[in-house]
Amino acid sequence: MSENKTTKAVGDSATAVKDRPLLEVEGLTKHFPIYGGFPFKRQVGAVQAVEGVTLDVFPGESLGLVGESGCGKSTTGRMLTRLLEPTGGTIKYEGRDITHANRRELAPIRSEIQMIFQDPYASLNPRQTVGKIISGPMEINDINPPGGREARVRELLETVGLNPEHYNRFPHEFSGGQRQRIGVARALALEPKLIIADEPVSALDVSIQAQVVNLLQELQRERGIAFVFIAHDLSIVRHFSQRVAVMYLGKLVEIADRDTLYSGPRHPYTHALLSAVPETDIDVQKRERIRLVGDVPSPIMPPSGCRFRTRCWKAQDKCATEEPPLVQLSGNKAGHLTACHFPEDPTIDVGARKEDVVMDPALRSLEKDAKKS
Amino acid sequence: MLQFLIRRTFGAFLILVLISAITYFMFFAIPQDPALLACGKNCTPDALAVVHKNLGLDQPVPVQYWHYVVGIVMGRDIQGGHCAAPCLGVSFANGRNVWSTILDRFPLTLSLMVGGAIVFLIVGLGAGMLAAYKKGSLTDKIFSGGSLVLSSLQIYFLGPLVVLALVISTGWLEMPSYTPISENPVAWFSGLVIPWAVMATIFTAQYTRMSRSSMIEQLQEEHVRAARAKGMSAPYVFFRYAWRGSLIPIVTILGIDIGALLGGGIVTEITFNLAGIGRLARDSVIQKDLPMTLGVMLFSSAFILLCNIVVDACYAFIDPRVRLS
Amino acid sequence: MTTLTKPEDAPAPTASESFLSVRDLNVRFSTEGGIVKAVNGLSFDLERGKTLGIVGESGSGKSVTNLSILGLHAPETTTVEGEIWVDGQDVTDLSRKQLEGLRGNKISMIFQDALTALSPYYTVGRQIGEPFRKHTGASKSEARARAIEMLGKVGIPDPKNRVDDYPHQFSGGMRQRAMIAMALVCNPSLLIADEPTTALDVTVQAQILDLLKDLQQEFGSAIILITHDLGVVANTADDILVMYAGRAVERGTTREVLKSPQHPYTWGLLSSMPGLSGDVDEPLRPIPGTPPSLLNPPSGCPFHPRCEFVDLVGGSACSTERPALPAGRGSACHLTAEQKRQVFIEKIQPRLG
């Protein structure tokens, strides 16, 4: 990697490269202030939840956003829908800057960007009927579809696989999976162009997860809705997204199209994540084994330079002093960007590594003892 | 922790200044002239003017307030005598020093409050815990139902009834009266037994219900189940794991109730004809005795604020998450 | 009642082999809505030092089963019938005192969420030392030394100082490690881990699962690993028991259950989970419908309302007659062995990719 080319993220070369991005995000940052001190309270620091995230979302594509808790993926999603005000950076929707747009300026866009929430129990008002919940967005935006709102709601209920006759029921009469369908119907009510789905299936049982994933996928394909699919489950993200971005501690560390990211990642953290996914295929240990040490550090005092360096097996002095830019490394496809000074080989096969990477001291000593005896 | 206490004390001080100012200025909004009281029955305009001058009422209200505040901090000369800090002035009604009057009356009120609180905490928490432990049983139903009935009683109704039944008719207990504990602890105790019992009856109900519900909640906590899964005995888990958590809402309610206790003290003192701070407050308001009213007000506020700081310190003692963050 | 029930096969426990033997376990809760039949006719065995994965969705009865092994159900509202033999002793017959002597000592448990399962009011060291003192009669300082040793074993850095920390001062992964230390402090012969990694991040989950496996080598404990995730048991368990609606529907070695599953529910679970390889354009095959209410479970085979192979059986067997789960390898399904093999090879395997 003698020369690192800097290029901005572009979409899946086959479908999206000609299109103009629907959503352009540049240097998006969110700091939550922390108050404290003595004798008077003042701001003493900030949770650096999201730091300089740059990415594009193209019309009709699904972009997966993965990472572990505290990586800032949900905060990013909430900023994209402007439920949170960004601290820095810009968000452009169809070329218009909406970073700090006020209520009135956002009004026409609100209907085009919708959100699906994780918890199907907390995100539906228990005192409203399903009909009222789904028609709510139409009322607020004063939209009167031909045939009336009620007919539209019934149509939406049918689209998401619920009985249109259940128009007058309350959320508690539905199971978790059905509630999530109600949430999807509400998001669809205004015919959005972009849906931000924040962990839409992680609260559901395995057999129900697949039902909702299939529903979302159908909608995405048939209606050409672009998705930002936020999840911690790498298998589901792979199934749903054409492009995938990996976040760690508030930063984007790698972004690529699906096949590249899952079979030829370069960032050590992506390698570690993929290696940790439990799989039902027990036949052969196909994948390399990487076990990190400890948990993700606090976003209040993130490590200097590369934020992953404290848990990385390849970290050197340079990683502490110099922050690696998110760039296209030599040998990588266009659109595959990695933020790493010392990237890994683009393979996750077990044969590519001489021995397992085990950073955890307890595992290391236990395994050493086991080998001896 | 120390920082926290200093910050709270500082905040409490600001609140006191605010309370004193508001009360002071509100008093002068009353159309009646407070000097009339000190002037007596055969008051002439000339005499009134003299009284005005003596009491300092001829000066603008902000200046009067300033003198008042200075008096609290450094003491001041008033009506020909020196009033040492903390000087809360002298009564318009009888010329007595406000601070020493309050100090005189306070031990009775404190005895009532603390004694009553000890009784209702022990009985209330005990009954609540027992009801939670035997949730759904007859004991639980009796305790829960009984507490509902008791909580609907009033001191001024229950008090005379108890006195009638246990003192006048049977002579089992002594008529409520106050003897300082330093003089005769036995007399102190026997004189206050009935007021304590009556106050406690009314407050106990709330603590029974509170302690029952928070105990039931705690017993369902995962860490309580985990403690049982470690093989810890049922009583150990009940007292060490569940009880400690159940104290937090109780301490919260107790903090809120300190004001109610002082207020309840007024009713209790009047019901049993005891001369404490509550009686003093009522009398001075009726007589429009500004220095006395203001003094009692400030003293009570300071006491409630102090108690709340103690309550916050209790949180930290119970819950390490408060202490260490 | 048209439901015909075949008796479950329940061979007498052979004390020499099985350390844990559950025989025809039934657990019922009484609730306002009626009687919840949480566990029905469950039998399984577990040998010393082996790991059994119990897999099922919420409401399948997997957690309830394990609470009743420890006697941790609420006695007023719960009835437990059947036998639970631990090391030649039926724990359902034990007094409260005897059970307390067993818990945390011979049998211990790891809970799903260490944040709620550790008391916020006591230090980590005290909570680890408590069962050690109780069961071994150790002194306070011995218990503390043991807690430090255990914290070191599970990989807490600087255990000498961290022993005096409170749980909220630990990170999520460290808390789960502390809980493992607490469970292993008395060298239990049986460790019940109820969704031990569900609340954790994926990289931390991998650490904790490996840690459990490595510690099992050292301590020789048998482990019951309860999870909803077949991926979690794939690399940790020797045997798998699949539960649905309070019943065991399939059992076998991990290889058997994952490589040649026999029950339509297991097929459904496998084909509704996307993997890290496989065709992304193939839609997932979810199990239709929702899990049944345990207040009023379906007649016959509890899975029949969601099963797509009812027609293959023919007649009304699926809705009237409950299929039995044979002892050893097998599944509780009316399909013939040949049908199961054929359907799996022809229809299911291609979906799994």
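## Rings, charges and a helix crossing

Over all chains, the structure holds 23 aromatic pairs. One of them is worth opening up in chain B: the ring centres of Phe120(B) and Tyr207(B) are 4.9 Å apart and the planes sit at 25°, so this pair counts as stacked. Keep in mind as you look around that this is a predicted model.

Where do these two rings come from? Phe120(B) belongs to helix α5 (residues 98-133) of chain B, while Tyr207(B) belongs to helix α8 (residues 185-219) of chain B, so the pair ties together parts that are 87 residues apart in sequence. Both partners are tucked away from solvent: Phe120(B) has 1% relative accessibility and counts as buried, and Tyr207(B), at 0%, is buried too.

Staying in chain B, you'll also find a cluster in which ring pairs link Tyr24(B), Phe25(B), Tyr65(B) and Tyr68(B).

Rings in chain A meet charges instead. Arg154(A) lies over the face of Tyr167(A), 4.9 Å from the ring centre. Further along, Lys318(A) puts its charged end over the ring of Phe342(A), with 6.0 Å to the centre.

Now hop over to chain C for a look at helix packing. Two packed helices are described by the angle between their axes and the distance between the axes. Here, helix α5 (residues 140-153) of chain C and helix α8 (residues 202-219) of chain C have axes that come within 12 Å and cross at roughly 125°. That angle makes α5(C) oblique to α8(C).

Which residues make the contact? From α5(C) come Arg146(C), Met150(C) and Lys153(C), and they meet Leu211(C), Glu218(C) and Phe219(C) of α8(C). By character, the contact residues divide into three nonpolar and three charged, with no polar ones.

How values were computed: Residues are numbered from 1 along each chain as its sequence is written. Chains are lettered from A and ligands numbered from 1 in the order in which they are written. This is a predicted model: local features need pLDDT of at least 70, side-chain atom pairs count only at pLDDT 80 or more; totals for chains, interfaces and linings use all residues. Side-chain values use heavy atoms; hydrogens and water are left out. Rings of Phe, Tyr and Trp (its six-membered ring) pair if their centres lie within 6.5 Å; planes under 30 degrees apart count as stacked, over 60 as edge-to-face and the rest as tilted. Helices (H or I, at least four residues) and strands (E, at least two) are DSSP runs, numbered from the N terminus. Buried means under 20% relative accessible area, exposed over 50%, partly exposed in between (1.4 Å probe, protein chains only). A charge sits over a ring if NZ of Lys or CZ of Arg is within 6 Å of the ring centre and within 35 degrees of the ring normal. Axes are lines fitted to C-alpha atoms, for helices over the stretch in contact, and angles run from 0 to 180 degrees between N-to-C directions. Angles under 35 degrees count as roughly parallel, over 145 as roughly antiparallel, 65 to 115 as roughly perpendicular and the rest as oblique. Contact means heavy atoms within 4.5 Å. Ala, Val, Leu, Ile, Met, Phe, Trp, Tyr, Cys and Pro count as nonpolar, Asp, Glu, Lys and Arg as charged, and the others, Gly among them, as polar.
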